[in-house]
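Please look through the sequence and the fold shown here before reading on. The paragraphs that follow take up charged pairs, a metal site and a helix in turn.

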Amino acid sequence: MNALAVSEPLIRGNWINALADTGWAVTHALVSPELAVQLRREAIDLHENGYLSRAGVGRAEDHALLSSIRRDKTKWLSRESAVQAAYLDVMEEVRLAVNSSLFMGLFSYEAHFAAYEPGAFYKRHMDAFKGARNRVLSSVFYLNEDWLAEDGGALAIYADETSTEIADVVVPELGTLVLFLSEDIPPEVLPANRDRYSIAGWFRV
Ligand code: OGA
Ligand code: MN
């Protein structure tokens with residue numbers, strides 16, 4: 001298995017600078033195309049066989065409230081699957097690179113597959129409360145082939161907690177990885193018009 005698709009120059013590449021400068025980075029260089037396809041197959045398989053379940057939101061237990069905020073279905077990655085382990089290995093390389101370049105002291109990582117069915121969205125939110133020092137770096141890896149503008153489901157990134165202007169829009173195309181500071185950058189998933197697959201993950205300190 002082509003577990004590690006990362007070479008030293010890429011690890012030290014522009015995404016680290018972008019992350020340091022703006023608080024987010026978009027890169028295609030870290031996960032190999034072969035691994036991306038395998039992860040895509042795994043996500044579709046799990047979804048089609050009913051292994052994904054409706055996701056929760058922090059302290060919001062109320063189902064009506066929850067449905068107004070997010071409508072994705074998720075399943076945590078595990079090392080029991082070789083393909084999932086390969087992805088976790090790549091994220092381990094990311095963790096080490098961030099720690100050695102940006103001194104963030106990232107300690108652990110967890111990630112889940114997510115499926116947004118037609119009509120699903122995730123309203124603007126923060127992945128972590130400011131100063132909580134829990135989730136500090138977020139990652140989202142996209143698993144969709146031939147995604148078109150009319151498919152919706154783009155990731156909107158705001159520059160900071162108070163900003164109302166969208167600073168970047170990421171198309172959830174296969175192989176695209178987004179990293180952003182969990183306490184600083186509010187993300188939003190615009191409504192998807194077809195099944196949208198991704199792996200969302202968080203580095204903790
Ligand atoms: C999340 C999230 C963004 C995306 O799951 O917390 O913000 O593009 N996901 O899937
Ligand atoms: Mn989020």
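**Charged pairs, a metal site and a helix**

Arg204 is partly exposed, its relative accessible area being 22%. The model in which this residue is seen is a predicted one, and Arg204 makes a convenient starting point, for its side chain forms a salt bridge with Glu110 in which the closest N and O atoms are 2.5 Å apart. This pair links distant parts of the chain, since Arg204 belongs to strand S10 (residues 196–204) and Glu110 to strand S4, with their positions 94 residues apart in sequence.

Glu110 is itself partly exposed, at a relative accessible area of 22%, and it has a further partner in Arg135, where the closest N and O atoms lie 3.4 Å apart. Here too distant parts of the chain are linked, with Glu110 in strand S4 and Arg135 in strand S5, 25 residues apart. Through shared partners, the salt bridges join Glu110, Arg135 and Arg204 into one network.

Which residue meets Lys73 in a salt bridge? The partner is Glu117, and the N to O distance is 3.1 Å. Glu117 lies in the loop between strand S4 (108–116) and strand S5 (135–142), whereas Lys73 lies in strand S3 (residues 73–76), so the pair ties together parts that are 44 residues apart in sequence. Both side chains belong to partly exposed residues, with a relative accessible area of 26% for Glu117 and of 24% for Lys73. With a nitrogen-to-oxygen limit of 4 Å as the criterion, the salt bridges of the model come to nine.

The metal site brings in another pair of residues, His125 and Asp127, which are the protein donors of the manganese ion (ligand 2). The donor atoms, NE2 of His125 and OD of Asp127, lie 2.0 to 2.1 Å from the ion. Are these two residues buried or exposed? His125 is buried, with a relative accessible area of 14%, and Asp127 also counts as buried, at 16% relative accessibility; the reasoning rests on a cut-off of under 20%.

Helix H5, finally, covers residues 82–102, and its 21 residues reach 30 Å from the first C-alpha to the last, which is close to the 30 Å expected at 1.5 Å a residue. An α-helix has 3.6 residues a turn, so residues three or four places apart point the same way. Following H5 comes Phe103, whose phi is positive, near 55 degrees.

How values were computed: Residues are numbered from 1 along each chain as its sequence is written. Chains are lettered from A and ligands numbered from 1 in the order in which they are written. This is a predicted model: local features need pLDDT of at least 70, side-chain atom pairs count only at pLDDT 80 or more; totals for chains, interfaces and linings use all residues. Side-chain values use heavy atoms; hydrogens and water are left out. Helices (H or I, at least four residues) and strands (E, at least two) are DSSP runs, numbered from the N terminus. The expected span of a helix is 1.5 Å times one less than its number of residues. Buried means under 20% relative accessible area, exposed over 50%, partly exposed in between (1.4 Å probe, protein chains only). Donors are N, O and S atoms within 2.8 Å of the metal (3.2 Å for Na, K and Ca); water is not among the atoms, so sites may look incomplete.
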